[in-house]
Amino acid sequence: MQRKTWVRRLGAVVALGAVLMLLTTFASAASSGGAAHVRWDIISTTGIPPAPLNPGGHASAMAPDGDTITLTGSGHFVAPASGGGSGAVDGGGTWTTSGGSGTYEVTALVSWARANDQANVGFVDNIGGGTRTNGTAVLKITFSDGSSGVLTVGCHGPGAPPGIFEGIATTKGYKTYYNVPAPAPGVDAGRTIFHVR
C-alpha cells in the first residue's frame, strides 16, 4: 500500500515537472519571436554624421503626371511575430500636393519587414526609444480630404542591404506617388528611420 502511494506521488511530481518544462519552453519561444514594437519617423537631418537625427522632417514622392506629394509624420505600430498586419497603430502627419494640403492618419499596419540594425556611424539620435533599424513598413492611411491610401516608409540607413529605398511612397485615392528621389547629401529632406523596441 505504501509502495503504491509512493509511486503515485512520484508520477505526480514527474507529470508536474513535464508540464512546467513545456510551459517554460513555450514562454521562451513566445518572448524570443514575439511582436515587434516599432516607431517610425520622417526625420530632419542632413544625413552627414555627426548630424543629429530629429523628428519633424519632410519627404516627397512624385506621381507619373509630375504632381509631388510632401509628407511629414511619425507613429508607432506593433508588428505580429507572424509577419501579418495589425490594427495596433497610431500616428500620422501632414500632406501637401499641388491640389491641396491637410493631415493624414495611420489606420493599420499592412506589413513590416526588418532588414537589419543600423551601423553606428556617429549620428546623434535625438529620437531614441529603441534600436535604429533599416527596413520597410506599409501602412494604411486616411487623408483629411476623405481620400485613403497606402504609405510605404523605407529606411536605407547606414549598413542597410541593397534593395530598400530611403524615403516615402504613397497612394492617395487612385494616384500613385511612387517616384522616390534619393536624398541628397547635406540636404535636410527625404529621410526616415525606424526604432525597434
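## Surface and burial

In this predicted model, the protein chain exposes about 10,300 Å² of surface, and carbon and sulfur atoms supply 61% of that area. Of the 197 residues in the protein chain, 36% count as buried.

## Elements and contacts

The protein chain holds one helix and 13 strands, and, read from the N terminus, the helix stands at the start of the order, with the strands following it. Where contacts in the protein chain join residues at least 6 apart in sequence, 60% of them link residues that are at least 24 apart.

## Nonpolar cores

In soluble globular proteins, nonpolar side chains tend to be buried together. The largest nonpolar core in this model is made up of 28 residues, and those with the most contacts inside it are Trp 40, Phe 77, Tyr 104, Trp 112, Leu 151 and Phe 194. A second core, separate from that one, has five residues, among them Ile 43, Phe 123, Ile 127 and Ile 193.

## The largest pocket

The largest pocket encloses about 240 Å³ of space and is lined by 17 residues, of which Gly 47, His 156, Gly 157, Glu 166 and Arg 191 lie nearest its centre. Sorted by class, the lining of this pocket consists of eight nonpolar, seven polar and two charged residues.

Strand β13, which spans residues 191-196, contributes three residues to the lining of the largest pocket, and this is the largest share. The numbering of strand β13 also takes in Phe 194, listed for the largest nonpolar core, and Ile 193, which belongs to the second core.

Conventions: Residues are numbered from 1 along each chain as its sequence is written. This is a predicted model: local features need pLDDT of at least 70, side-chain atom pairs count only at pLDDT 80 or more; totals for chains, interfaces and linings use all residues. Side-chain values use heavy atoms; hydrogens and water are left out. A nonpolar core is a set of buried Ala, Val, Leu, Ile, Met, Phe, Trp, Tyr and Cys residues joined through side-chain atoms within 4.5 Å. Buried means under 20% relative accessible area, exposed over 50%, partly exposed in between (1.4 Å probe, protein chains only). On a 1 Å grid over the protein atoms alone, a cavity is a set of points where a 1.4 Å probe fits but cannot get out, and a pocket is an open set with protein on both sides within 12 Å along at least five of seven lines; lining residues have an atom within 4 Å of a point. Grid points are joined across faces, edges and corners, and a volume is the space filled by probe spheres set on the points. Helices (H or I, at least four residues) and strands (E, at least two) are DSSP runs, numbered from the N terminus. Ala, Val, Leu, Ile, Met, Phe, Trp, Tyr, Cys and Pro count as nonpolar, Asp, Glu, Lys and Arg as charged, and the others, Gly among them, as polar. Contact means heavy atoms within 4.5 Å. Accessible areas come from the Shrake-Rupley method with a 1.4 Å probe; for residues, only the protein chains shown count as cover.
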